[in-house]
Amino acid sequence: MKAILVLTSTNPFYEEELKSLCEACHIEVIDVVIQKLEKINPATYIGKGKIEEIKLKLQDEMIIFDDELTPLQVKNLTDLLETEVTDRTDLILRIFDERAKTKAKLQVEIARDQYLLPRLVGMQEHMSHQQGGSGFRGSGEKQIELDRRIIARKLARSRKELAEIVKQRQVQRQRRKNNEIPVI
């Protein structure tokens, strides 16, 4: 996977940090675009001129921003650039997801789902299609509504599972304490 980075700071530390996050996610950085911002554009984060500049450089790359984007900004940028747009937070979640074990894996899954839920709009073309009945039965529910419900259920299951693990570990800890098993 290849990416173009979009930075809003000229601080070389931020660029190196973002490149390191990309490397950890096995993403090759092919270009860096720097946008000096006086004010963040609420719709697209960066200005129209920078969006056009990035569009000219695009081939098959994804776009990664150094700051967290709002769901609206992700949707608008994805529509304008016609490619995957993500941010630093997503990269960090990808790294944790790849490296996490056992209980931490569940915590990362919860964090990823919470991050993903508000960003469903505009993520994929198929989500705007409607599903279900025809004629007098109504037009059915949109795919995005179905996806939101699926993620919400998954979040609830994951939280319940995590609570059970925490409870189980508390019981184990208490048993060790009662049996006077030394803890190192």
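## A walk from helix H5 to the cysteines

Start by selecting helix H5, residues 102-116: at 1.5 Å a residue its 15 residues should span 21 Å, and the end C-alpha atoms are indeed 21 Å apart. The expected span here is 1.5 Å times one less than the number of residues, and helices (H or I, at least four residues) and strands (E, at least two) are DSSP runs, numbered from the N terminus. Before you click on, note that this is a predicted model, where local features need pLDDT of at least 70 and side-chain atom pairs count only at pLDDT 80 or more, while totals for chains, interfaces and linings use all residues. Numbering runs from 1 along each chain as its sequence is written, and side-chain values use heavy atoms, with hydrogens and water left out.

Stay on H5 and light up Leu106, Val108, Ile110, Asp113 and Tyr115, the buried residues of this helix. Buried means under 20% relative accessible area, exposed over 50%, partly exposed in between (1.4 Å probe, protein chains only). Now show what covers them: strand E4 (85-87), helix H4 (88-99) and helix H6 (143-178) are among the elements there. Contact here means heavy atoms within 4.5 Å.

Next, pick Arg112. This side chain forms a salt bridge with Asp90, with the closest N and O atoms 3.0 Å apart. That pair ties together distant parts of the chain, Arg112 in helix H5 and Asp90 in helix H4, 22 residues apart. A salt bridge is a side-chain nitrogen of Lys or Arg within 4 Å of a carboxyl oxygen of Asp or Glu. Arg112 is partly exposed at 22% relative accessible area, whereas Asp90 is buried at 5%.

Keep Asp90 on screen and add Arg94: these two side chains also meet in a salt bridge (2.8 Å, N to O). They sit 4 residues apart in helix H4, which means about one helical turn between them.

From Arg94, hop to Glu84 for another salt bridge, 2.9 Å from N to O. Glu84 lies in the loop between helix H3 (71-81) and E4, and Arg94 in helix H4, 10 residues along the chain. Both ends are partly exposed, Glu84 at 39% and Arg94 at 22%. The whole structure holds 11 salt bridges.

Last stop: Cys22 and Cys25. A disulfide is a pair of cysteine sulfur atoms within 2.5 Å, and the count comes to 0. The Cys22 sulfur has its closest cysteine sulfur in Cys25, 6.9 Å away, so the gap is too far for a bond. Cys22 is buried at 0% relative accessible area, and Cys25 counts as buried at 13%.
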